[in-house]
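Me: Please take a close look at one part of this protein, the way its distant segments are held against one another. I'd like a connected account rather than a list.

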Amino acid sequence: AHGPTNRMRGIRRTDRTLQPANSWPVNRNGGNFQPSKLRWESHHGFSRACWPVIQGITVMGDVIRPDGRGQPGGVDRTTVWLFDAIKRQLNLACGLPVDVITAIGIPALHAWLGTLRSPSAAHRYWARWHEVLPPSAEVDQILIDRLRNRFCVGYEMPPWLRGLLTAIDAPYIDLRLHPVRFLDDLLFAARASEPVTQTALLAMAVPEAEVIVTAGLREAMCHMISEAAVPADTLIVVGQRPLDCSQIIDGAFYDALPRASEIHAICARYAAVLLKPHPLEPEHSLLEITSGAPNVAGVVGDNIYRLMSLPQIAAVLTVNSSIAYEAPYFGKRVHTLAPPPVQLGWRGMADKANLYASLDDRVLSIDFWRRVLVPHMPVSQPDGMRLPPKANRLRIALDSFWNFQEIDTDRIPGRPGA
């Protein structure tokens, strides 16, 4: 077996910070990154004078979000996953230190959150301040001091974090897992604070035709292995996790009760209604309200893509679940009760508010990060490296299939009635 390469020997990890050692094979002068072969600088039209003073890169998620027990650190695990997945590429792209901010990793932040809320009130507090954090000296000291003069890579950035970064002129890119999840692998959804970068992201995006064609293949297979046992013209009502960030509307978690009459009117338009709870949290106010409709045929736990393949399923009703993005590709009508978290951008689309580019695993390449970072700092020479194609690379790395393996990768299930 071979030992680590010289480049990997040049990486020192201290407190989840990736640092290049002095032997890192780039030109340095007084500790500042001074590249000698920056072909992208002139190619993209960025002069050295336009670069702000960026001293490092920080990966960060919604550190205010509690976990299921009301304790800090609700997105720490996935934030560290993203950090681990891209820290080497970021460092190779620009030579700057890369670190991660988590609620658990900063004792002062953890303690501050403990003074603001009890575990029982943590989710209500998070929802209340999801848009803008309250003015606080602790925020200035704990967060702003750590984010100033940094480029930020966000995991599902909440509105308050985007606003804070904008206020201190800290550039960023927001990455999240894409809601269309039936392709050969997961996608990223990405939005950059720099308009030039956002345009470049949309140029690199997956073409929507790939989604349309793949939906046809999924439908063909699932229809083949499914035996319909539902009435024609059926509406599927899809539940969600009630304490998810997508359910925060105007500072509180979504409650379907005030719209009960509207929900029952939608149900009445169809011959039958099936309820599909979320597999991890089966209770949601939407399902509770819908259960009172007179044409409810029952509760279903079958795979959502098998259900979408059935011609007897006519439509989907949900608050704003990811199925609202996916169902139209299977020819289903969609009823939503709240705005979708993001708008999806496909290759060649023009930018607009809240539009996120749909990206494949090119996000794992060094060239991708050179392209993202070049408006803000010198970057190393592009090399064209891409990982070889591999189905489910991101699903496996994240250890999350969202039941996709039931219809594609691991096994073909039997043919239970829907």
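**Distant segments in contact**

Reply: Happy to start with a helix pair: helix 3 and helix 14 make a right-handed crossing (near helix turned clockwise from the far one by less than a right angle). Please keep in mind that this is a predicted model, where local features need pLDDT of at least 70 and side-chain atom pairs pLDDT 80 or more, while totals for chains, interfaces and linings use all residues. Residues are numbered from 1 along each chain as its sequence is written, and side-chain values use heavy atoms, without hydrogens or water.

Helix 3 spans residues 76–94 and helix 14 residues 366–373; their axes lie 8 Å apart, at an angle of about 60°. The two helices are therefore oblique to each other (not under 35, over 145 or 65 to 115 degrees). On the helix 3 side, Ile-86, Gln-89, Leu-90, Leu-92, Ala-93 and Cys-94 take part, and they meet Ile-366, Trp-369, Arg-370 and Leu-373 of helix 14.

The next link is made by rings. Phe-182 and Phe-330 form an edge-to-face aromatic pair, with 5.1 Å between centres and 70° between planes (centres within 6.5 Å, planes over 60 degrees apart). These two rings bring together parts of the chain 148 residues apart. Phe-182 sits in the loop between strand 8 (172–177) and strand 9 (188–192), whereas Phe-330 belongs to the loop between helix 13 (323–326) and strand 16 (333–336). Phe-182 is buried at 0% relative accessible area, and Phe-330 is buried too, at 5% (buried means under 20%). Ring pairs also draw in Tyr-305 and Tyr-329, giving a cluster with Phe-182 and Phe-330.

The loop between strand 8 and strand 9 has another residue worth a look, Asp-185. Asp-185 is buried, with a relative accessible area of 11%. Its C-alpha atom is 6.6 Å from that of Arg-393, although the two residues are 208 residues apart along the chain. Beyond its neighbours within four places in sequence, Asp-185 is in contact (heavy atoms within 4.5 Å) with Lys-390, Asn-392, Arg-393, Leu-394 and Arg-395.

Finally, here is the wider setting. The protein has 15 helices and 18 strands (DSSP runs of at least four and at least two residues). Of its 418 residues, 53% count as buried. Among contacts with a separation of 6 or more, 70% join residues 24 or more positions apart.

How values were computed:
Axes fitted to C-alpha atoms, helices over the stretch in contact; angles between N-to-C directions. Phe/Tyr/Trp six-rings, centres within 6.5 Å; stacked < 30°, edge-to-face > 60°. Buried < 20%, exposed > 50% of the residue type's maximum accessible area, 1.4 Å probe, protein only.
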